[in-house]
Amino acid sequence: MTTTSLLSRRSVLRALTGAAAAGGAASVSLPLSGSAAFAAEPETYTLTIRHLGRDGRVPDRYRTSVTGISGPGAGRSEQPHDASGTASVRLPGGRYLLESSLWTDRVADGTDWIVQPRLDLDRDTTVTVDARTTAPVDVTPPDGSAAFLNSGMFIEVRHGGATRMASIVKATPTLRTAHLGPEAEPGSVRQWYDSYWTTRTGGYALGRTFSGTRALTGLTHHYAAGELAALELRAVARPDAGGAGAGPAVVDLAPTVGPAAGPSVGASWSVPVPGTATLFVTPRRGLWDLVYTAPAAPGTRPNRYFVDGIAVRAGATTTHTFDGPVVGPALTGRAGVERDGDTLTADLPLLADGDGHVPTAPSFDTAWAGLYRDGALLHARSGGLDRATFTVPPGPASYRLAATVARRGASGATTRVGVSWTFRSATTTGPVPVPVSVVRFSPALGPAGTAPAGSPLRVLVTVQGAAADGRVRSLTVSMSADGGRSWTVLPVHEGAVTVPNPAAGGTVSLRAELTDSDGNTFDQTLLDAYRTG
């Protein structure tokens, strides 16, 4: 029946009744299509759900959800419950997702999770949720001494252009699962399972993904060491945070959330500072995200580093070192400078750690930044160059963007950063990147972030930004062993310089002067970039 009326049959009756009660004649206008038409109420049906525990009797505890996927009941969600174990609800016809958890008051009994991804309600229907149909989820790491932390199982069902999800998170390794009902359409059911374990030196993140027509009935996989990839996480003591006395660092790890990886639950581990933790993860789960929270001195904000989309490979080790030298500018992710019309926006982290991780709460004493136009100071601000915005006059001009950051409490871990970029820029009709570059120094240091005293040290030199990939016209690198009072030029050979380290307890300062192939320049000075031990 085709109609454009916004009046339901119930509203028409209300109008007629109200007019009659007032002693007048009722008049309701409806669109006609050959004859008067009424919007039909959706047909409803009774869904009865019987619940049985593992002993075939009414379960001690249960929770059941019914969620509409498509049809008149799409988006509707109900949780029918009755102490008798048999619960009923009346719902519009359509496709539904049913999921039910059954458990007892005894933790050791665990939980039975039963999922029916396809429940087509087109008549009065009775469904039996029976815990006796479940099978155990038995996923373990190769290290038998590893202790279980937590797990999460997620299911996604698609039908009629809509998607619905259900999940269960467990703090004990006592989960049993089962599929219920008919199979769904091929590929319309996706499922994820993640479990996390801890060991004396790290832990395990074991993830699996599935796609098909059914929910999982149990899951058994005992991982071998060769199936896993290693994430080695090194924590360096920050001089400005009290070092090891400030407590351990915390690492939160979870699969990358996205269309390919799907939903997830994560876990946390402690890492001694200084020290190393190794987490073994499953490559087949996709990419991994982690958050490293450094120990903080009392009364200060904790500093965090976010590392997203870590690619891993079975049998290989990926290493991330946090809070290590050399601290300095980095161009990672969205970092850079952009001009939109006559607005310059800079997002230039000046205190990224030695691996290029950008801190959320960098520690410093003072910071200043200035923008010069044709040699004249146009803007000055206190603070660094993260999310800094400058309004500039229209038309072309030569610019210099400069900044300094002082960190008096970070002896031997970059106590001062001084940077300066020059470039030409003109009014744009939209967002346009400004050509800026940085130079990164990467010495091989010990666990405490120190270099061998009195020995030559090879330091990798990496260019990021506009001058990367062979677009360097000139690059000069210098070092100082007296806090920047005198400098010695070091030849750059095959992407590295060799630094003659001073005696124990000394520091090495590093300076870079770069010009790219278009004539834009970058000058950088890092005082006390690292120390000798």
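**Exercise 1. How much space lies in the second largest cavity, and which residues line this cavity?**

Let's take it in steps, keeping in mind that this is a predicted model.

- Step 1: Start with the whole structure, where a search finds three cavities of 30 Å³ or more.
- Step 2: Turn to the second largest cavity, which holds about 40 Å³ of space.
- Step 3: Find its lining in the structure: Trp421, Thr422, Pro435, Val436, Ser437, Leu514, Asp516, Asn520, Thr521 and Phe522.
- Step 4: Match the lining to elements; β28 (416–425), β36 (507–516) and β37 (521–532) each give two or more residues.
- Step 5: Sort the lining residues by type, which gives five nonpolar, four polar and one charged.

**Exercise 2. Describe the largest pocket and its lining.**

- Step 1: The volume of the largest pocket is about 840 Å³.
- Step 2: Its lining has 31 residues, and those closest to the centre are Thr332, Pro349, His357, Val358 and Pro359.
- Step 3: Two or more lining residues come from each of β20 (304–310), β21 (317–322), β23 (343–348) and β26 (385–391).
- Step 4: By type, the lining splits into 15 nonpolar, nine polar and seven charged residues.

**Exercise 3. Now do the same for the second largest pocket.**

- Step 1: This pocket has a volume of about 340 Å³.
- Step 2: Among its 18 lining residues, Arg234, Val236, Thr321, Leu445 and Gly446 are the closest to the centre.
- Step 3: At least two lining residues are supplied by each of β15 (229–235), β18 (275–281), β21 and β30 (437–443).
- Step 4: Sorting the lining gives seven nonpolar, nine polar and two charged residues.

Note on methods. Residues numbered from 1 in each chain as written. Predicted model: local features only at pLDDT ≥ 70, side-chain atom pairs only at ≥ 80, totals over all residues. Heavy atoms only, no water. 1 Å grid on protein atoms, 1.4 Å probe; cavity = no way out; pocket = protein on both sides within 12 Å on 5 of 7 lines; lining within 4 Å. Points joined across faces, edges and corners; volume = space filled by probe spheres on them. Helix = DSSP H or I, 4+ residues; strand = E, 2+ residues; numbered from the N terminus. Nonpolar A, V, L, I, M, F, W, Y, C, P; charged D, E, K, R; others polar.
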